[in-house]
Amino acid sequence: MKIIVLGSGVVGVTSAWYLAQAGHEVTVIDRQPEAGMETSFANAGQVSPGYSAPWAGPGVPLKALKWLMMSYRPFVFWPMPDPHLWTWLVQMLENCTTAAYARNKGRMVRLAEYSRDVMRDLRADTGITYDDRQQGTLQIFRTQKQLDAAAGDIRVLQRYGVPYEVLDAAGCVRAEPGLVDTAHKFVGGLRLPGDETGDAFLFTQRLAAMAAQAGVDFRYGTTIRALREEGGRISGVVTDRGTLTADAYVLALGSYSPALVRKLGIDLPIYPVKGYSLTARIVNEARAPVSTIMDETFKIAITRLGQRIRIGGTAELAGFSTSLRAPRRATLAHSVTDLFPGGGDIAGATFWTGLRPMTPDGTPIIGRTGIDNLFLNTGHGTLGWTMACGSARVLADLLSGRMPEIPHEDLGVVRYGQ
């Protein structure tokens with residue numbers, strides 16, 4: 001079957017790879033000159049199944065108000081007259097219940113654990129490298145209240161058989177020796193030994209190169225104008241370089257997915273949540289992280305990528321703005337220098353921002369639509385890197401007429417009544 005994938009981020013490229021491996025003729029379209037140039041470019045670097053959780057949960061509305069008052073804010077909100085924003089916020093609030101949180105986290109962990117296993121197989125089969133490490137994730141709790149609140153997440157981890165360790169401050173230092181001088185700033189942590197780290201951009205670029213060698217046709221520098229529908233099917237993709245046709249189409253445009261299909265009667269509840277990162281070279285190995293540390297207070301990930309430190313975080317609702325805001329840099333810099341002082345060249349770090357495609361329940365949207373030959377693989381939020389390989393494998397199985405290896409029905413757009 002001839003398939004067109006729209007988007008060449010980590011989700012689009014993995015989709016193209018697994019579709020090609022299944023024997024399909026695949027074309028990828030993207031406006032950028034290379035793969036992975038937008039949200040996949042400089043994310044936090046975590047492949048964290050154990051840390052997969054929806055942002056919507058009990059107590060989150062009150063916490064969000066408190067975050068807005070912090071000097072170093074993990075959450076920033078710019079009110080705008082955008083009906084899609086307000087609809088999305090209402091849907092997110094509807095998911096801030098104990099039952100919804102457990103349901104959403106459960107399916108996110110299921111997909112993320114599967115994705116991590118699929119990525120391991122890919123690494124073994126191809127030898128792909130991407131500054132990857134398999135040394136776990138450590139969530140740092142600065143207060144006892146934060147540590148006690150982890151009990152709910154731990155119950156979900158137990159239910160799905162995800163390995164974990166609850167550590168005191170000394171145990172955190174044993175896992176991450178670079179924290180030795182700052183152990184008095186936290187009370188303990190939750191370590192997830194099955195989690196991994198890696199450079200999503202490097203992975204995406206290298207997998208795209210392998211996919212091209214396997215026959216995938218990448219059409220970079222091509223702007224997608226519209227999807228043409230005829231008789232309940234997509235008949236072509238209208239671009240600035242002409243109309244391209246295929247037997248099936250995969251939408252993997254992240255935050256830009258809803259606008260493309262809105263005229264087709266498909267209302268995807270995806271909104272861009274802006275994130276920021278710093279990338280600094282390591283200047284002192286003894287004070288640098290070994291893997292990934294999650295600073296629970298500031299919702300910031302500090303990740304080791306080769307001889308670099310990637311600091312990523314912040315949730316900013318600012319529409320499609322990609323402006324770099326100095327206060328967000330200050331928050332990232334504060335977290336890393338507070339925990340790993342002197343470990344990286346923070347003053348000389350590269351500052352970046354990207355738009356995460358977030359659904360109200362935190363789970364991506366994967367599978368069929370009401371249009372016969374249009375498929376979705378989008379809405380991964382902060383977990384596109386974590387869930388990319390598994391999402392792509394599920395999608396490729398569905399398009400190839402195979403039963404996916406994990407339950408997938410609750411990943412589709414049908415859960416939103418469509």
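These are my notebook entries on strands, a loop residue and enclosed spaces in a predicted model.

**Ground rules.** I number residues from 1 along each chain as its sequence is written, and because the model is predicted I accept local features at pLDDT of at least 70 and side-chain atom pairs at pLDDT 80 or more, while totals for chains, interfaces and linings use all residues. Side-chain values rest on heavy atoms, with hydrogens and water left out.

**Entry 1, the six-stranded sheet.** I looked up the strand order and found an open sheet of six strands, 9-2-1-13-20-19, with mixed pairing; strands here are DSSP runs of E with at least two residues, helices are runs of H or I with at least four, both numbered from the N terminus, and two strands pair if DSSP finds at least two bridges between them. At the edges I noted strand 9 (217-219) and strand 19 (365-368), each of which pairs on one side only. From one strand to the next the twist averages 20°, the axes being lines fitted to C-alpha atoms, for helices over the stretch in contact, with angles from 0 to 180 degrees between N-to-C directions. Within this order, strand 13 (residues 248-251) and strand 20 (residues 374-378) are parallel and share three bridges, and Tyr249 has Leu374 in strand 20 as its bridge partner.

**Entry 2, the three-stranded sheet.** A second lookup gave an open sheet of three strands in the order 10-11-12, paired antiparallel. Strand 10 (224-230) and strand 12 (242-244) each have a single partner strand, so one side of each is without a neighbour in the sheet. Direction ignored, neighbouring strands of this sheet are turned by 30° against each other on average. I traced six bridges between strand 10 and the antiparallel strand 11 (residues 233-239), where Glu229 faces Ile234 of strand 11.

**Entry 3, strand 15 and its partners.** Strand 15 is joined by four bridges to strand 5 (residues 137-141), running parallel, and by four bridges to strand 16 (residues 300-305), running antiparallel. Met294 takes part in both pairings, as the bridge partner of Gln139 and with Ala301 as its own partner in strand 16. In a regular strand, side chains alternate between the two faces of the sheet. In strand 15 (residues 292-295), I found Thr292 and Met294 pointing one way and Ile293 and Asp295 the other, all of them buried, that is, under 20% relative accessible area, against over 50% for exposed and partly exposed in between (1.4 Å probe, protein chains only). Four residues lie between the strands in the hairpin of strands 15 and 16, where Lys299 has a positive phi near 55°.

**Entry 4, Ser40.** I located Ser40 in the loop between strand 2 (25-29) and strand 3 (46-47), and Ser40 is buried at a relative accessible area of 9%. A polar atom of the Ser40 side chain lies 2.9 Å from the backbone nitrogen of Val10.

**Entry 5, the largest cavity.** A cavity is a set of points, on a 1 Å grid over the protein atoms alone, where a 1.4 Å probe fits but cannot get out, and lining residues have an atom within 4 Å of a point. Grid points are joined across faces, edges and corners, and a volume is the space filled by probe spheres set on the points. I counted one cavity of 30 Å³ or more, and the largest holds about 50 Å³. Its lining includes Trp55, Met108, Met358 and His380.

Note on methods. 1 Å grid on protein atoms, 1.4 Å probe; cavity = no way out; pocket = protein on both sides within 12 Å on 5 of 7 lines; lining within 4 Å. Polar contact = N/O pair within 3.5 Å; in protein donor to acceptor, adjacent residues only side chain to side chain.
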